[in-house]
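Please read the following with the sequence and the three-dimensional view open side by side. The account moves through the structure one site at a time.

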Amino acid sequence: MKKIQISPSILSADFSQLGNEIKRLEDAGADMIHVDVMDGHFVPNLTIGPPVIKALKKQSSMIFDVHLMISPVHKYIEAYSDAGADIITIHPEATEDLNSSILKIKEFNKKVGVSLNPETKVDVIKEYLDKIDLILIMSVNPGFGGQKFMPEVLVKIKELKEIQKNKDLNFDIEIDGGINFDNSKEAIKAGANILVSGTTIFKSNNGDIKKNIELLKSK
Ligand code: DX5
Ligand code: ZN
């Protein structure tokens, strides 16, 4: 049974204090930092890019779990690798050739993440599962924090757990979007071992991020 890890999304952090916010998360026991990169094209929102990630990485030894909601994504993989991403997660819909983008991420010795939007089936990535380190199951349509959790995606986590067992694979299953203190237990029970959360971590319990991280981890 994999250890449950928490990857707080800095999309809900104070963008005027990102360096300090990352330090707060580190002190509060976060396992990694979820960095939502949005290009205003793949998703209807625009956030940060390689220069900001590079600056933040200088301030922190945390694992940067970089979620690229950008397309086309292939030609930018090197830039995010150079900026300090440790896990590079891409969307299959954002590349013409998923296999070559997976190999590109491996070329830079980064962990390969592939993200499935709520309506995207597991079948889309089945043939690549032996090359993937992390599958990011979106439980909201990507683009914004603070959206409502979509429980129907849990069936995909159960399907992936089944495949993982039958094929003796070891990928992480990360869930992202609308995670709170109630549905986190369902997500863990379904088989997710990494929980992304922005709103719940930064806004619950008067912003007590240490308490919120601990509550999310508890089964
Ligand atoms: C949405 C992002 C998520 C989001 C999570 O496109 O990928 O990481 O920031 O934020 P909450 O936890 O507020 O749904
Ligand atoms: Zn994300």
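In this predicted model, a convenient place to begin is ligand 1, one of whose oxygen atoms is 2.4 Å from an N or O atom in the side chain of Thr199. The protein covers 100% of the 370 Å² of accessible area that ligand 1 has on its own. Thr199 belongs to a set of 21 residues around the ligand, among which Asp36, Gly143, Asp176, Gly198 and Thr199 itself come nearest. The side chain of Asp36 also supplies an N or O atom, placed 2.8 Å from an oxygen atom of ligand 1, whereas at Gly146 it is a backbone N or O atom that lies 2.8 Å from an oxygen atom of the ligand.

From the ligand, the reader may turn to helix H6, which spans residues 183–190 and includes Ser184. Is Ser184 buried or exposed? With a relative accessible area of 0%, Ser184 is buried, since the cut-off for that term is under 20%. Setting aside residues up to four places away in sequence, Ser184 touches Ile179, Leu195 and Leu216.

Ser184 is one of the buried residues of H6, which are Asn183, Ser184, Ala187, Ile188 and Ala190. When the helix is viewed down its axis, these buried residues fall within an arc of 160°, and they therefore line one face of H6. The general background is that an α-helix has 3.6 residues a turn, so that residues three or four places apart point the same way. As for what covers the buried residues of H6, the cover includes helix H5 (154–167) and helix H8 (209–217), together with strand E7 (172–176) and strand E8 (194–197). Just after H6 comes Gly191, which takes a positive phi of about 130°.

A last site is Ser60, found in the loop that runs between helix H2 (50–58) and strand E3 (64–69). Although Ser60 sits in a loop, this residue is buried, because its relative accessible area is 9%. Which residues does Ser60 contact, leaving aside its neighbours within four places in sequence? They are Ile22 and Glu26, and with Glu26 there is a polar contact of 3.4 Å between the two side chains. His41, by comparison, is 19 residues from Ser60 in sequence and 29 Å from it in space, taken from C-alpha to C-alpha.

Methods:
Residues numbered from 1 in each chain as written. Chains lettered and ligands numbered in written order. Predicted model: local features only at pLDDT ≥ 70, side-chain atom pairs only at ≥ 80, totals over all residues. Heavy atoms only, no water. Helix = DSSP H or I, 4+ residues; strand = E, 2+ residues; numbered from the N terminus. Buried < 20%, exposed > 50% of the residue type's maximum accessible area, 1.4 Å probe, protein only. Contact = heavy atoms within 4.5 Å. Arc of directions from axis to C-beta. Near = heavy atom within 4 Å. Polar contact = N/O pair within 3.5 Å; in protein donor to acceptor, adjacent residues only side chain to side chain. Areas by Shrake-Rupley, 256 points an atom, 1.4 Å probe, with all protein chains shown as cover.
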